[in-house]
Number of protein chains: 4
Amino acid sequence: MVVILKQKAKQEEIERLTKQLEAKGVSVSLVVGSDVSILGLVGDTSAIDPSVVAANGIVERVMKVQEPFKKANRMFHPEDTIVDINGVKIGGKKIAMIAGPCSVESEEQIIEIAKEVKEIGANLLRGGAFKPRTSPYAFQGMKYEGLELLKKARANTGLPIVTELMSPYDIETFVENVDVIQVGARNMQNFDLLKELGKTNKPILLKRGLSATIEEWLMSAEYIMAGGNENVILCERGIRTFENYTRNTLDLSAVPAVKKLSHLPIVIDPSHSAGKYWMVEPLAKAAVAVGADGLIIEVHNDPENALCDGPQSIKPSKFAKLMEELKVIAAAVGREI
Amino acid sequence: MVVILKQKAKQEEIERLTKQLEAKGVSVSLVVGSDVSILGLVGDTSAIDPSVVAANGIVERVMKVQEPFKKANRMFHPEDTIVDINGVKIGGKKIAMIAGPCSVESEEQIIEIAKEVKEIGANLLRGGAFKPRTSPYAFQGMKYEGLELLKKARANTGLPIVTELMSPYDIETFVENVDVIQVGARNMQNFDLLKELGKTNKPILLKRGLSATIEEWLMSAEYIMAGGNENVILCERGIRTFENYTRNTLDLSAVPAVKKLSHLPIVIDPSHSAGKYWMVEPLAKAAVAVGADGLIIEVHNDPENALCDGPQSIKPSKFAKLMEELKVIAAAVGREI
Amino acid sequence: MVVILKQKAKQEEIERLTKQLEAKGVSVSLVVGSDVSILGLVGDTSAIDPSVVAANGIVERVMKVQEPFKKANRMFHPEDTIVDINGVKIGGKKIAMIAGPCSVESEEQIIEIAKEVKEIGANLLRGGAFKPRTSPYAFQGMKYEGLELLKKARANTGLPIVTELMSPYDIETFVENVDVIQVGARNMQNFDLLKELGKTNKPILLKRGLSATIEEWLMSAEYIMAGGNENVILCERGIRTFENYTRNTLDLSAVPAVKKLSHLPIVIDPSHSAGKYWMVEPLAKAAVAVGADGLIIEVHNDPENALCDGPQSIKPSKFAKLMEELKVIAAAVGREI
Amino acid sequence: MVVILKQKAKQEEIERLTKQLEAKGVSVSLVVGSDVSILGLVGDTSAIDPSVVAANGIVERVMKVQEPFKKANRMFHPEDTIVDINGVKIGGKKIAMIAGPCSVESEEQIIEIAKEVKEIGANLLRGGAFKPRTSPYAFQGMKYEGLELLKKARANTGLPIVTELMSPYDIETFVENVDVIQVGARNMQNFDLLKELGKTNKPILLKRGLSATIEEWLMSAEYIMAGGNENVILCERGIRTFENYTRNTLDLSAVPAVKKLSHLPIVIDPSHSAGKYWMVEPLAKAAVAVGADGLIIEVHNDPENALCDGPQSIKPSKFAKLMEELKVIAAAVGREI
């Protein structure tokens, strides 16, 4: 941490601040210049809240030098984390394919789609039972009934299931019934929910918030990991920008960035980012090429009549073709599908 | 709602879609052009999910014509809503002043600040007991003990209390003990929390999400109102942009926008938006001039030792001076403080 | 400047870098920590390009401590700059009112509007002769003929004229004929144009780019000032964000920010930021309250038939009413109109 | 174009507006609803300025249905444009590789790099002679001397040269001496420059502005094409967002978007977008996978001593390795390098 001092700071004020900081266990060096002086702090600065230091009257600005996350930090955990979901692994050489409809709509629908994506080669089944919708008047999902149908689809196909949790009230139910608990973009900083999930040992798919920086996203992972649950899978699904041709702007640079900063696996959701079915294919290919550990793709057997996100869903036949093409790209970057 | 059709759309496909739409209770007019044809939908389109229509194979794009919110819509409720908090009103001629520390730190601290801001003329006391922090290692608030101290401060001063709720588990406690429940920016689209709050009749201060559009924000208000609780106060606190000199970019245009679109009162938080104590004064003045119904300002008796947000807190003496200056601006725009 | 070193940096590499930096005339202090070491640079760091240092193999990151602008920096020029335009001053106690149509359309139009705004109390006349339009097929302005009409309007009213320059070819013509040369948002980083303007001594109204940070904006002012022309007036006109209810998001926090960082005057354009005539009034009031040195407002005698920007133009009668209201706010903040 | 009318619009006002619109050569249909009425306009709406219509007192809002660009529009020009640069083609099956240093620094430097990238397989040589820099005190390029050195490098290697133009004064010199004229991100809406370039027939590499929407970018291409020069190559180089880990956010979705909307070729600049040399490789791979027609990559023989952009430049050895890897990905998507 570097503390920029105000020009007017007096000798004794600087000494007082230095002592306060040293009392927190760091060592402090003063660098004096004509226009500006700075304090360089080294050691474990995690006990120091930058904004508390910034509130000191002689401080102009505080700059962080180290990342604030620890358990999620590659520096302290150099090897890649591989999350194991009943034998399906996310984070190793094999790229995980998660596929399924936006929402569970009926037993027939979910089981048919599950069977198709399983046959095509998907490793996990996605499907929303509880749906976060901008409008209170839109379809909110089949809820507990939807969970039951997902379980039937799992029983039929053997595919582990990934589905979104919206309320802490449902954590026990989810831990008991699903294989991967998804935390949606809008709940990425629902810290109470993250803390509760930290107490479980269920794999968590943590979607990036619409306007979350990579650092904030890793801090949300840290919330879960700090509680003891290190089975966190990150999911980039597009960020909000000024561009509105696409629903969101898929930030593929986040993949190498996360790989550098953290040991956690990262998957890409090309369906939600673009919001257009015809962009899923090129974006999925780019995601594999850039180094993602998995893909989560909306597949629906009847997109035109889907109860949600029809415009971004692809049909099983299209998914089958895409799988074949992705295998070639995966091989080209030393991975497999 | 306007549906832009693809060039290749065939007559019978258009007729089929028209019938589907009419079955939802709207009337549909076809406008045929050489390059593009459109369907104009009039009537109550709220039962039609635009994304479902957009998934139709002959549809190029769907454009909404009307706002999707109803209970929050000024069109259906032309008069200003005035929220009454034990006699303190937000939304009328008088501008409400909400003041207090970022977080409750001790009995002495909260009671001293409460007394000071009360004497200076504040109408409500703010203070965080449960704190949403980016880092799991930062101070998370005094929690239930903090609530008890807020109640003591209220007993001492008569000021109603505003404090943030983070978990649905605490709703009952909050309904019983606080006067206004704050929903933080990071929970603006925590739809389950909003639904639960809709079942109470407690006034809700709904902060705008970091990257929420005005429409999404009003849709979150709609979630609460759809449940039966119409006591919603909106709070603009800065949005996330590329500019990083300020912590967030205060969007004061949101005030006239909300006044046009909705009947709900709107207050401004100049402390969180800028993140700098010396910007609170000019931004507070601008907020009153632009037509805000209230201000929520962080006041601390010892900002340098505040446990959070010290850099943006002002001292009571500064707050007193600001109050006097704001009164003159309020008068200039036909309001009072 | 602070240089964060990579963990693996060797003693001799650090010494080599230190010597390179000292050779540029700064003094360098090494602060060694267990996880991270930093170099603190003090003195005149303006000769050091941060990106060149960052390219060094042992450097993790470079953080600037001081603002990179000098002539525009309040630190080196504590007193407010007042730009004098034929006796009309921008930057002092009096708030300058710049009014007129988006574009000059005819002799009758510009002279009628000029007379009206003059009578109402405007200090300068605005009007576009050369228009930057997103589409090559839209009205591009009356060009040189428009300049002549502006001069007639000035002759009729005595109001100095402000108009936008688009090409370096026209600089001489502008210097001869207009009183303030406007650099539009889209040309804020047209560095060649800025350099050429630096060689004149004509007052320049420098609009903030759509996505320019405050620092970049001041660096563009620095380009003009470095050439010798210190008559720069900054103009905030809204930045591009995700919100699309307004055309741009007016960043009023930029006013106190600029006042702190620089000595240059700053005016606000509430017309272009919102893009809606009914927002001009509240935003203009907020601009005066927040401390702006002037306002630039689109006034048209027949907005419905304006050749551009009709939706955001107000009529002279509305402008007259607004002027009266602004005077009261100006007085409330110790200014006058 | 769809015109949403205000509720209060009277019959005769609607008729008057309808006639005005029909006079512009379009046909107008009125769709009347209880809450809202709309006018549907079909035919060639390009003569109608939406903002002029929006200024009409009875108009609530105007929504465009068709893209405003024509010459750049795939609808009117279904086949891919292939730009031919002295035999090197951009836009066909072969992916073009443009490589070279950020700026020309010396004869030795540019010729050495040119030879190396040529040998590795690059098709064009990039190198800045005129450099747009945020600071007036930073290295501004070798200018005309730099152009001469680029020509020597071309003479030595046969590689066509791509370099940035900053001023209309230099157009003739550029037309005579360089093979592709680059328009930088900061000049994307320097409309006067675009118009002048439209009068030449030199290939133009048009970089996307930092906060330009895809539509605005295509409108800038339209400016050049409207003048008669259809040799436009688009270049995505990252957009400005709130994320600051990377210098910009590379928007790879822009590739399929541009391919759908336009027939112009599009290349990707992974160096400027990320601003980090170690991200160039994964982003280049993703660019090829997503369907880009070319890559423009900063290669420097001594990044640590580069006069600009060292942190994002890769060495020739790294570039050689990357080329081999990209060939495999290109083959996987049916292209070649």
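## Strands 1 and 4 of chain B

In this predicted model, B:Leu5 stands opposite B:Val59, a residue of strand 4 of chain B. The two strands concerned are strand 1 of chain B, made of residues 2-5, and strand 4 of chain B, and they pair in the antiparallel sense. Four bridges make up this pairing.

## The sheet as a whole

The pairing of strand 1 with strand 4 belongs to an open sheet of four strands in chain B, and their order across the sheet is 2-3-1-4. The pairing in the sheet is antiparallel. Which strands lie at the edges? They are strand 2 (27-31) and strand 4 (59-63) of chain B, each of which pairs on one side only. From one strand to the next, the twist averages 20°.

## The helix across the sheet

Helix 1 of chain B spans residues 11-22 and lies across strand 1, strand 2, strand 3 and strand 4 of chain B. Strand 3 of chain B covers residues 37-42, and helix 1 of chain B runs at about 15° to strand 3 of chain B.

## Domains of chain A

Chain A is divided into two parts: domain 1 takes in residues 2-63, and domain 2 takes in residues 74-332. How far apart are the C-alpha centres of domain 1 and domain 2 of chain A? They lie 43 Å apart.

An unreviewed UniProt entry carries the annotation "domain: DAHP synthetase I/KDSA" for residues 82-328 of chain A. This span of chain A is 39% helix and 16% strand. The C-alpha atoms at its two ends lie 23 Å apart.

Terms used: Residues are numbered from 1 along each chain as its sequence is written. Chains are lettered from A and ligands numbered from 1 in the order in which they are written. This is a predicted model: local features need pLDDT of at least 70, side-chain atom pairs count only at pLDDT 80 or more; totals for chains, interfaces and linings use all residues. Side-chain values use heavy atoms; hydrogens and water are left out. Two strands pair if DSSP finds at least two bridges between them. Axes are lines fitted to C-alpha atoms, for helices over the stretch in contact, and angles run from 0 to 180 degrees between N-to-C directions. Contact means heavy atoms within 4.5 Å. UniProt positions are given in the numbering used here, feature names are shortened, and annotations may be inferred rather than shown by experiment. Domain bounds come from an automatic or database domain assignment.
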